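User: Let's go through this model by question and answer. Keep the replies short, and begin with the nonpolar core.

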Amino acid sequence: MDTPAFVSFLQQRNAAARLSEPAPAADELDAMLQAAMRVPDHGRLQPWRFLLIDGQGREALGELFVEAQRRRTGMDDEKAASLRQKPLRAPLIVVVIACLQQHPKAPIIEQQLSAGCAAHNLLLAAEALGYAGIWRTGSMAFDAHVAEGLGLAANEQIIGFVYIGSRAGERKPLPVLTTDDFVRHWPAGREGW
């Protein structure tokens with residue numbers, strides 16, 4: 001079978017830990033966000049929103065990270081300096097937020113997964129437009145002080161910090177995955193497992 005170009009594109013998707021300028025232009029970013037909002041969404045709840053952090057906002061985010069860490073455990077100046085630098089690893093950070101609500105047919109997990117799909121579509125759209133990105137979480141994504149500092153409501157959660165920019169350096173090699181290692185027929189006895 002000849003693999004269609006779009007399927008090949010999906011098979012080669014690869015996170016980029018090293019990012020540099022330029023970030024997407026405003027019209028490109030709008031196209032990426034439009035793609036992010038075209039995800040499975042049971043009940044059309046639109047259970048996601050996005051915060052854009054660039055320029056000096058990244059420095060403010062670094063300070064917020066330091067405040068949050070100091071509230072939890074404290075740290076020395078070297079660790080604080082390292083934490084301040086984390087948001088400067090890309091020219092743009094998109095904070096993907098799940099906006100959760102009670103719904104009789106769309107449980108919370110479906111809403112969280114929809115927001116996760118939005119983050120993934122954002123990464124795919126960035127790659128399709130010639131940019132690169134990486135989805136980061138870590139302790140700051142789950143920290144109440146960070147959530148409050150970013151203005152999240154009580155029913156909202158950070159799904160991830162999607163760092164976006166231009167790929168700096170070579171693509172990292174992808175491991176070879178085979179469907180035989182992850183796919184089985186059901187009921188048992190048909191094939192495999």
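User: How many residues does the largest nonpolar core have?

Analyst: This is a predicted model. Val95, Val146, Leu150, Ile158 and Phe161 have the most contacts inside the largest nonpolar core. At least two residues each come from α3, α4, β3, β4, α6 (144-149) and β5. The size of this core is 27 residues.

User: Which element gives the most to this core?

Analyst: Several elements supply at least two residues each, including β3, β4 and β5. The top contribution is five residues. It comes from α3.

User: How many residues are in the other core?

Analyst: This core lies apart from the largest one. Its members include Ala115, Tyr131, Val162 and Ile164. The number of residues is 23.

User: Leaving aside neighbours within four places in sequence, which residues is phenylalanine 161 in contact with?

Analyst: Phe161 is among the residues with the most contacts inside the largest core. Beyond its sequence neighbours, the partners of Phe161 include Ile93, Val94 and Val95, along with Ile134, Trp135, Arg136 and Thr137. The rest of the list is Phe65, Met140, Ala141, Val146 and Leu150.

User: Is β5 largely enclosed by the rest of the structure, or is it largely exposed?

Analyst: A residue counts as buried under 20% relative accessible area. β5 has twelve residues, and ten of them are buried. Therefore the rest of the structure leaves β5 largely enclosed.

User: How many bridges join strand β3 to β5?

Analyst: β3 covers residues 92-99 and runs antiparallel to β5. Valine 94 stands opposite valine 162 of β5. The bridges between β3 and β5 number eight.

User: In β5, what is the bridge partner of alanine 132?

Analyst: β4 and β5 run antiparallel, joined by five bridges. Alanine 132 pairs with a residue in β5. That partner is glycine 165.

User: Which residue in β5 does serine 20 stand opposite?

Analyst: Strand β1 spans residues 19-20. Two bridges join β1 to β5, and the strands run antiparallel. Opposite serine 20 stands serine 166.

User: What volume does the largest pocket have?

Analyst: The lining of the largest pocket holds 13 residues. Nearest its centre lie Leu83, Lys86, Thr137, Gly138 and Met140. α3 (56-72), α4 (77-85) and β5 (156-167) each give two or more residues to the lining. The volume is about 170 Å³.

User: How do the residues of that pocket lining divide into nonpolar, polar and charged?

Analyst: Thr137 and Met140 both belong to the lining of the largest pocket. By class, the lining of the largest pocket divides into five nonpolar, four polar and four charged.

User: Which element gives the most to the lining of the largest cavity?

Analyst: There is one cavity of 30 Å³ or more, and the largest holds about 40 Å³ of space. Two elements give two or more residues to its lining, α5 (108-128) and β4 (132-136). Four residues is the highest contribution, and it comes from α5.

User: Is glutamate 127 buried or exposed?

Analyst: Glutamate 127 lies in helix α5 and is one of the residues lining the largest cavity. Leaving aside neighbours within four places in sequence, its contacts are Phe9, Asn14, Ala132, Arg167 and Arg171. The cut-off for burial is under 20% relative accessible area. Glutamate 127 has 12%, so it is buried.

Key:
Residues numbered from 1 in each chain as written. Predicted model: local features only at pLDDT ≥ 70, side-chain atom pairs only at ≥ 80, totals over all residues. Heavy atoms only, no water. 1 Å grid on protein atoms, 1.4 Å probe; cavity = no way out; pocket = protein on both sides within 12 Å on 5 of 7 lines; lining within 4 Å. Points joined across faces, edges and corners; volume = space filled by probe spheres on them. Nonpolar A, V, L, I, M, F, W, Y, C, P; charged D, E, K, R; others polar. Buried < 20%, exposed > 50% of the residue type's maximum accessible area, 1.4 Å probe, protein only. Pairing = 2+ DSSP bridges. Core = buried A, V, L, I, M, F, W, Y, C linked by side-chain atoms within 4.5 Å. Contact = heavy atoms within 4.5 Å.
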